[in-house]
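Hi there,

Here's the structure I promised to pass on. Have a look at it first, and then read my notes with the viewer open beside you.

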Amino acid sequence: MSSSFAFELEDISFEYQGGQKALDSVDLSLPFGESLTVLGTNGSGKSTLLYILQGLLTPSAGSLKVFGEKTFTGPKRAKIAMMFQNSHAQLFSLTVVDELMFGPLQHGLSEQEARGRAEDIMELLGIGALASRSPWQLSGGEMKKVALGACLSTNPDVYLLDEPTSGLDPRSQVELADLAMKLKESGKTIITATHDLHIIEDISERSIVIGEDHRVLADGPSAEILKMNDILLKANLIHEHAHRHEGFRHKHSHFGFHEHLEGEVERAQKAVPQEAGAIPGKKGHQNMSDTGGKLKVLIEHWKEHNEEHARTYLEWAEKAQAEGRAELAETLREIARESTRLDELFKKAAGQL
Ligand SMILES: Nc1ncnc2c1ncn2[C@@H]1O[C@H](COP(=O)(O)OP(=O)(O)O)[C@@H](O)[C@H]1O
Ligand SMILES: [Mg+2]
């Protein structure tokens, strides 16, 4: 490799269509073989940064060098694998084994070699039992493992992992951290975006903190960063509200249904003043006199996930674009744009409660 740096970013900024700022004046040089955690609260710009490093998005301003050069060619892209925050945006094959064979087949391996590689990866990740299942019908955690497997299958030099541990049970989280360490020991460059402070010392020697203003607030050894309470507070990474919000977390499907919503509403109602006549946890015949309680929770929920959906549409648009399906990509972008209108309507409804 000609350069000792995998990525060199100088004064990189990014704005989405419509002027939404996502990154502001980011400087970052990452040598090959280093493992970096990108810490930041929701919306700080972590995913955007990873998209830029993968070449899915082009910076609005600043200079980016990948593997020492300013051009972003196909072969370079093949050396970088990204595990998307939302596995639905990444997985597309009919079965898990097909998903894991796809990359190797694209790289010119024979059917037999590709199958062998898929089997090795399933064994490594403990997902052999899922081989003939549809990736889209797996649990969130299982899906993450398959998505990671898909990255491993092409044996890239650089791994971009977007919130890899979210949705994983504690044992799987430890296994993932172990695997990240093994990859690092074998010389891979790993960039992990997360807001999970527990894992960062295990998975990375260095961390950067992105603030809510989309700027890098700190860059240094992970152990040092973890001690910077004022920075972590400013970046909204430690905050008592974060703990209160934990109770509202739930598994969310992108097929339009909200699996654990009833439990969530029930839990949320414990946190908001109960009004007479409310039926906790019953879906369907909602009591509309309870406009201060349940509906408020529901609107908050719709508001929160609308943004997440919008990003999923966009991720799919990027995939469609990459596959040369420009028309579909444009329609998906249009859906994403329209969903910003929904955002306004949710806000309007929240204001009318
Ligand atoms: N497709 C999009 N269109 C407009 N704004 C977006 C889009 N995707 C993300 N954003 C905005 O850009 C900012 C950074 O988002 P993102 O990189 O996804 O943050 P993170 O991954 O840290 O949660 C947020 O304010 C977010 O709302
Ligand atoms: Mg993100």
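Below is what turned up, going from the start of the chain to a pocket.

One thing to keep in mind: this is a predicted model.

**The hairpin at the start**

Begin with strand 1 (residues 5–15) and strand 2 (residues 21–31), which run antiparallel and are joined by 7 bridges. If you want a landmark for how they line up, find E8, which stands opposite S29 in strand 2. The two strands form a hairpin, and 5 residues sit between them. In that turn you'll meet G18, whose phi is positive, about 95°.

A positive phi deserves a second look when the residue isn't glycine, because most residues other than glycine have a negative phi. This hairpin has such cases. D11 is found in strand 1, and its phi is near 55°, a positive value in a residue other than glycine. Over in strand 2 there is S25, with a positive phi near 50°. Are these residues buried, exposed or in between? D11 has a relative accessible area of 44%, so it counts as partly exposed. S25 is partly exposed too, with a value of 25%. The cut-offs behind that: buried means under 20%, exposed means over 50%, and partly exposed is what lies in between.

**A cluster of rings**

Next, the aromatic residues. The structure holds 6 aromatic pairs, and I'd start with the one made by F7 and F67: their ring centres are 6.5 Å apart, with 45° between the planes, which makes the pair tilted. Why is this pair worth finding in the viewer? F7 lies in strand 1 and F67 in the loop between strand 4 (61–66) and helix 2, so the pair ties together parts that are 60 residues apart in sequence. Both F7 and F67 are buried.

F67 also pairs with F32, again in a tilted arrangement, at 5.2 Å centre to centre and 50° between the planes. This pair links distant parts of the chain as well: F32 is in the loop between strand 2 and strand 3 (35–40), F67 is in the loop between strand 4 and helix 2, and they are 35 residues apart. Is F32 buried or partly exposed? Its relative accessibility is 23%, so F32 counts as partly exposed, while F67, at 10%, counts as buried. Put together, the ring pairs link F7, F32 and F67 into a cluster.

**The second largest pocket**

Now go to the second largest pocket, which has a volume of about 810 Å³. Its lining is made of 24 residues, and Q54, F92, F102, T154 and K319 lie nearest its centre. The elements that give two or more residues to this lining are helix 2 (74–78), strand 5 (80–83), helix 3 (96–106), helix 5 (140–153) and helix 12 (294–322). Which of them gives the most? That's helix 3, with 4 residues. Sorted by class, the lining has 12 nonpolar, 7 polar and 5 charged residues.

While you're looking at K319, check what it sits next to: K319 lies over the face of W316, at 5.4 Å from the ring centre.

That's everything from me, so enjoy exploring!

Cheers

Definitions and conventions:
Residues are numbered from 1 along each chain as its sequence is written. Chains are lettered from A and ligands numbered from 1 in the order in which they are written. This is a predicted model: local features need pLDDT of at least 70, side-chain atom pairs count only at pLDDT 80 or more; totals for chains, interfaces and linings use all residues. Side-chain values use heavy atoms; hydrogens and water are left out. On a 1 Å grid over the protein atoms alone, a cavity is a set of points where a 1.4 Å probe fits but cannot get out, and a pocket is an open set with protein on both sides within 12 Å along at least five of seven lines; lining residues have an atom within 4 Å of a point. Grid points are joined across faces, edges and corners, and a volume is the space filled by probe spheres set on the points. Ala, Val, Leu, Ile, Met, Phe, Trp, Tyr, Cys and Pro count as nonpolar, Asp, Glu, Lys and Arg as charged, and the others, Gly among them, as polar. Two strands pair if DSSP finds at least two bridges between them. Buried means under 20% relative accessible area, exposed over 50%, partly exposed in between (1.4 Å probe, protein chains only). Rings of Phe, Tyr and Trp (its six-membered ring) pair if their centres lie within 6.5 Å; planes under 30 degrees apart count as stacked, over 60 as edge-to-face and the rest as tilted. A charge sits over a ring if NZ of Lys or CZ of Arg is within 6 Å of the ring centre and within 35 degrees of the ring normal.
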